[in-house]
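Trainee: I keep running into labels for parts of protein models, and I'd like to know where they come from. Can we go through one together?

Mentor: Sure, let's bring it up and take the labels one at a time.

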Amino acid sequence: MNGKVAGIKFQLKAANGVLRKNLARINSTEEWAMLMKWNNTAQFSRSYRRAFGKRPSDVLLHIKLETAITLLQTRPELSCFQIAEQIGKADDKALNKYLKYHTGRVPSWFKANKDYIFSPEDIIS
């Protein structure tokens with residue numbers, strides 16, 4: 001393996017950590033790629049998919065939903081507005097719309113159903 005390929009693999013391994021650390025700032029694959037210092041979003045997407053077998057846009061969606069749902073279930077002291085901010089949504093209305101669109105459920109459902117475990121198969125769009 002040459003140095004360039006090794007460097008790309010190392011960068012991609014760090015990608016999910018960078019995403020989780022900057023979840024409030026990253027709202028698209030393009031923003032994620034730029035934060036990872038990739039000049040070409042399409043190349044980042046292809047390389048990420050080759051390395052992990054998943055589209056980065058799908059991973060971004062999954063991690064945002066998983067984070068919001070986990071916070072709703074485990075951090076009752078946080079308001080929906082605060083949770084929205086943590087996943088890069090403008091406010092509690094945006095969080096409500098985001099969850100409803102992608103899961104068919106509203107934040108109060110997740111708060112009431114603490115035993116529910118989110119799975120990528122639960123994404124409806």
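Mentor: Start with a cut-off: a residue is called buried when its relative accessible area is under 20%, exposed when that value is over 50%, and partly exposed in between. Keep in mind that this is a predicted model.

Trainee: Okay, so why is His62 called buried?

Mentor: His62 has 18% relative accessibility, and buried means under 20%, so His62 counts as buried. You'll find His62 in helix α4.

Trainee: What does His62 touch, leaving out residues up to four places away in sequence?

Mentor: With those left out, His62 touches Phe118, Pro120 and Ile123.

Trainee: And what makes Arg50 buried or exposed?

Mentor: Arg50 has a relative accessible area of 65%, and the cut-off for exposed is over 50%, so Arg50 is exposed. Arg50 sits in helix α3. If you compare positions, the C-alpha atoms of Arg50 and Lys21 are 23 Å apart, with their places 29 residues apart along the chain.

Trainee: What about the label for Trp109?

Mentor: Trp109 comes out at 28%, and values between 20% and 50% are partly exposed, so that is the label for Trp109. Trp109 belongs to helix α7, residues 107-112. Its C-alpha atom is 9.8 Å from that of Ile69, although the two residues are 40 apart along the chain.

Trainee: Which label does Asn27 get?

Mentor: Asn27 has 37% relative accessibility, which again falls between the two cut-offs, so Asn27 counts as partly exposed. Asn27 lies in the loop between α1 (3-21) and α2.

Trainee: How do you know which residues Asn27 is in contact with?

Mentor: Contact means heavy atoms within 4.5 Å. Leaving aside neighbours within four places in sequence, Asn27 is in contact with Leu60, Lys64, Ile87, Gly88 and Lys89. For Asn27 and Ile69, the C-alpha to C-alpha distance is 17 Å, at 42 residues apart in sequence.

Trainee: Where is Lys89, and what is in contact with it?

Mentor: Lys89 is in the loop between α5 (80-86) and α6. Again leaving aside neighbours within four places, Lys89 is in contact with Asn27, Ala84, Ala94, Leu95 and Tyr98. The C-alpha atom of Lys89 is 23 Å from that of Tyr116, 27 residues away along the chain.

Trainee: What makes phi of Lys37 worth a look?

Mentor: Most residues other than glycine have a negative phi. Phi of Lys37 is near 70°, a positive value in a residue other than glycine. You'll see Lys37 in the loop between α2 (29-35) and α3 (41-52). Its relative accessible area is 69%, and exposed means over 50%, so Lys37 is exposed.

Trainee: Now the helices. What is the handedness of the crossing where α4 passes α6?

Mentor: The crossing is left-handed. α4 and helix α6 (residues 92-103) pack at an angle of about 115°, and their axes are 11 Å apart.

Trainee: Which residues meet there?

Mentor: From α4 you have Leu61, Lys64, Leu65, Ala68, Ile69 and Leu72, and from α6 there are Leu95, Tyr98, Leu99, His102 and Thr103. By class, that contact has eight nonpolar, two polar and one charged residues.

Trainee: How do you know where the pockets are?

Mentor: Rolling a probe the size of a water molecule over the atoms shows where empty space is left. The largest pocket holds about 240 Å³ of space.

Trainee: Which residues count as its lining?

Mentor: A lining residue has an atom within 4 Å of a pocket point. For the largest pocket, the lining is Asn16, Tyr48, Lys54, Asp58, Val59, Leu61, His62, Pro120 and Ile123. Helix α4 (residues 56-74) gives the largest share, four residues. By class, the lining divides into five nonpolar, two polar and two charged.

Trainee: Last one: how many helices and strands are there in the protein?

Mentor: There are seven helices and zero strands. The C-alpha atoms fill a box of roughly 50 × 25 × 20 Å along the principal axes. Of the 125 residues, 34% count as buried.

Technical notes. Residues numbered from 1 in each chain as written. Predicted model: local features only at pLDDT ≥ 70, side-chain atom pairs only at ≥ 80, totals over all residues. Heavy atoms only, no water. 1 Å grid on protein atoms, 1.4 Å probe; cavity = no way out; pocket = protein on both sides within 12 Å on 5 of 7 lines; lining within 4 Å. Points joined across faces, edges and corners; volume = space filled by probe spheres on them. Helix = DSSP H or I, 4+ residues; strand = E, 2+ residues; numbered from the N terminus. Nonpolar A, V, L, I, M, F, W, Y, C, P; charged D, E, K, R; others polar. Axes fitted to C-alpha atoms, helices over the stretch in contact; angles between N-to-C directions. Left-handed = near helix turned anticlockwise from the far one by under 90°. Buried < 20%, exposed > 50% of the residue type's maximum accessible area, 1.4 Å probe, protein only.
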